[in-house]
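Visitor: Could you take me through a close look at one part of this model, and then show me how that part sits in the rest of the chain? I would enjoy a connected account rather than a list.

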Amino acid sequence: MGHHHITEVKEEKFEFTSRSRMFVGLVFIVGLILTFVGFSKMKSTNEHGNKHAKVEHVEQNVIHAVANQEGNGEQHGAEHSAAAGNEANREGGEHAGGHHETWKMRFWANLLLNSYYFMLFALAAVFFIAVNYAANAGWSTLLKRVIESISSYLPVAIVILMIVVFMGKDYIYHHWWPKIGLKPGDAGYDALIEKKSWFLSKGWLMVGAPVIMIIWVLFRTILVRFSHKEDVEGGTSFFRKSVNVSAGFLVFFAFTFSILSWILIMSIDAHWYSTIFSVYNFAIAFVTGLTVICFFTLYLKSKGYMEIVSDEVIHDLGKFMFAFSIFWAYIWLAQFLLIWYANISEEGIYYTFRLEHFKPMFRVNILMNFFLPFLILMMRNAKRNPKVLLVAGTIILFGHWLDLFLMIMPGVVGETAHIGLLEIGMTMAFAGLFIYWVLHNLSRKNLYAANHPYLLESANHDVGV
């Protein structure tokens, strides 16, 4: 369907109204309340379980001691009874301590899940900006300010994520963090962890990961600064500089994103490894990032902004969402089939555990992240219909949250991991913070990159054919 040729793009300024602020703030506050209620309930339940478990241990060992006393004589029985009582107290304390640690593990695992997930949105936005510069693409130029605003959350996400890692490392990475430096014969020594100690180390987790993310922020800052200077000064010099910076970022990103996904997420199951784990995480990041870009664009259009953004641009976003849902499924299947076919014990345990204890979630994960988006977005008109895109996008976002849940929670918490008030509330709180930050940043600048050389190409959706 044709449209008249656009020769000028007028400035637009988004107003983040008090009503919108109130709604987003309400989402954040409700999320915090649910988080607090879920946390309190989880803590009290675990403490009750600890006391009950300790009493059971004491009773069982005392009964055992009495039985020995009757069979072996009073003196021997009394000695055994005292020993049994001490052992019961020790075992009961350890059992209680294990449950006590479980609620802490669940709390920190939820923080890792949400801080990492929302960080992926911002990181995908930076990647999208860079790959469009490197590919010399112009179709998405009208969306550039939206994408930059999404990327503005990256510094916030990194600060939260590193606080979570620094403060929660003993609970999140309990399979390997306490075993650093242990020698053969030491309690808790693990030969396989020792072999991986060149990577599973304090250096990579406490220094390497923060340095990588800080450099990402620097790349993002440079690209956005060039973009805003281009608005003021015009010309193509900043565009050419942005192309060069983007090329550097893409090379750096390709290596460092792998490292970060390995140390932050894959190391949770320290004995397990996958050669395409980082590609799998990238698929999650990019398809959810595209969905978030689509959602913010549709929101602005629904409020009367960015009317110049044509159905063709929205269609392109829909095509990307469709295509990368298929790409995710391809990587998921490749990872699963290779591990299943090889049948190596240290690889297979990852899926065996999840299929044994989380089978319904495992199946829903595939349904939400591949089958439903594939079927909903298959038709051409579906990719141009805002309501259909919102339905498909919502499924994608919730689906990949579940995807990360299955990656993180079973490894940290174990078979007792489940979705409760804590999980729902914390996700709402992070969503409220993320949306508020992006919309606030969006209201500070013109909605269009005024002097970008491909702005009119994007407005007219000129793809050179």
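Guide: Let's start with arginine 145, which has a relative accessibility of 4% and so counts as buried. Please keep in mind that this is a predicted model. The side chain of arginine 145 meets that of aspartate 231 in a salt bridge, with N and O 2.3 Å apart. This pair links distant parts of the chain, since arginine 145 belongs to helix 3 and aspartate 231 to helix 6 (residues 202–233), 86 residues apart. Salt bridges with shared partners join Lys144, Arg145, Glu148 and Asp231 into one network.

Another link in that group is local. Glutamate 148 and lysine 144 form a salt bridge with an N to O distance of 2.7 Å. Both residues sit in helix 3, four residues apart, or about one turn of the helix. Glutamate 148 has a relative accessible area of 3%, so it is buried. Lysine 144 counts as buried too, because its relative accessibility is 7%, while the cut-off for buried is under 20%.

From lysine 144 we can step across to histidine 452, which is in the loop between helix 13 and helix 14 (455–459). Although it lies in a loop, histidine 452 is buried, at 8% relative accessible area. Setting aside neighbours within four places in sequence, its contacts are Tyr133, Thr141, Lys144, Glu230 and Phe239. Lys144 is thus a partner in the salt-bridge network and a contact of histidine 452.

Now let's look at another charged pair. The salt-bridge count for the model comes to eight. One of the pairs is glutamate 423 with arginine 106, whose closest N and O atoms are 2.8 Å apart. Glutamate 423 is in helix 13 and arginine 106 in helix 2, so the pair joins distant parts of the chain, with their positions 317 residues apart. Both partners are buried.

Glutamate 423 also brings us to tryptophan 401, a residue of helix 12. Leaving out residues up to four places away in sequence, tryptophan 401 touches Leu113, Asn114, Tyr117, Ile419, Glu423 and Thr427. Tryptophan 401 is buried, with 9% relative accessible area. The C-alpha atoms of tryptophan 401 and threonine 288 are separated by 9.5 Å, although their positions lie 113 residues apart along the chain.

Several of these helices return at the largest pocket, which has a volume of about 1100 Å³. Its lining consists of 34 residues, and those nearest its centre are Phe23, Val27, Phe295, Ala431 and Ile435. Two or more lining residues come from each of helix 1, helix 2, helix 8 (277–302), helix 12 (386–412) and helix 13 (421–442). Helix 13 gives the most, with nine residues.

On the surface, Ile29, Ile33, Phe36, Val37 and Leu421 make a nonpolar patch with about 470 Å² of accessible area together. Helix 1 (residues 18–72) supplies the largest share of this patch, four residues. Isoleucine 33 is one of the residues in helix 1.

Two loop residues are worth a look for their backbone angles. Most residues other than glycine have a negative phi. Asparagine 136 has a positive phi of about 60° and sits in the loop between helix 2 (74–134) and helix 3 (144–151). Its 45% relative accessibility makes it partly exposed. Asparagine 343 also has a positive phi, near 55°, and lies in the loop between helix 9 (311–342) and helix 10 (345–357). Asparagine 343 is exposed, at 65% relative accessible area.

Alanine 247 adds one more long-range approach. It lies in helix 7 (residues 237–264) and is partly exposed at 38% relative accessibility. The C-alpha atoms of alanine 247 and valine 131 are 7.9 Å apart, while the two residues are 116 positions apart along the chain.

Stepping back, the chain has 14 helices and zero strands. Of its 465 residues, 52% are buried. Among contacts with a separation of 6 or more, 84% involve residues 24 or more positions apart. The chain exposes about 21800 Å², with carbon and sulfur atoms supplying 65% of that area.

Definitions and conventions. Residues are numbered from 1 along each chain as its sequence is written. This is a predicted model: local features need pLDDT of at least 70, side-chain atom pairs count only at pLDDT 80 or more; totals for chains, interfaces and linings use all residues. Side-chain values use heavy atoms; hydrogens and water are left out. Patches are made of residues with over 30% relative accessible area and no salt bridge: like charges are joined within 9 Å, nonpolar side chains (Val, Leu, Ile, Met, Phe, Trp, Tyr) within 5 Å. Accessible areas come from the Shrake-Rupley method with a 1.4 Å probe; for residues, only the protein chains shown count as cover. A salt bridge is a side-chain nitrogen of Lys or Arg within 4 Å of a carboxyl oxygen of Asp or Glu. Buried means under 20% relative accessible area, exposed over 50%, partly exposed in between (1.4 Å probe, protein chains only). Contact means heavy atoms within 4.5 Å. On a 1 Å grid over the protein atoms alone, a cavity is a set of points where a 1.4 Å probe fits but cannot get out, and a pocket is an open set with protein on both sides within 12 Å along at least five of seven lines; lining residues have an atom within 4 Å of a point. Grid points are joined across faces, edges and corners, and a volume is the space filled by probe spheres set on the points.
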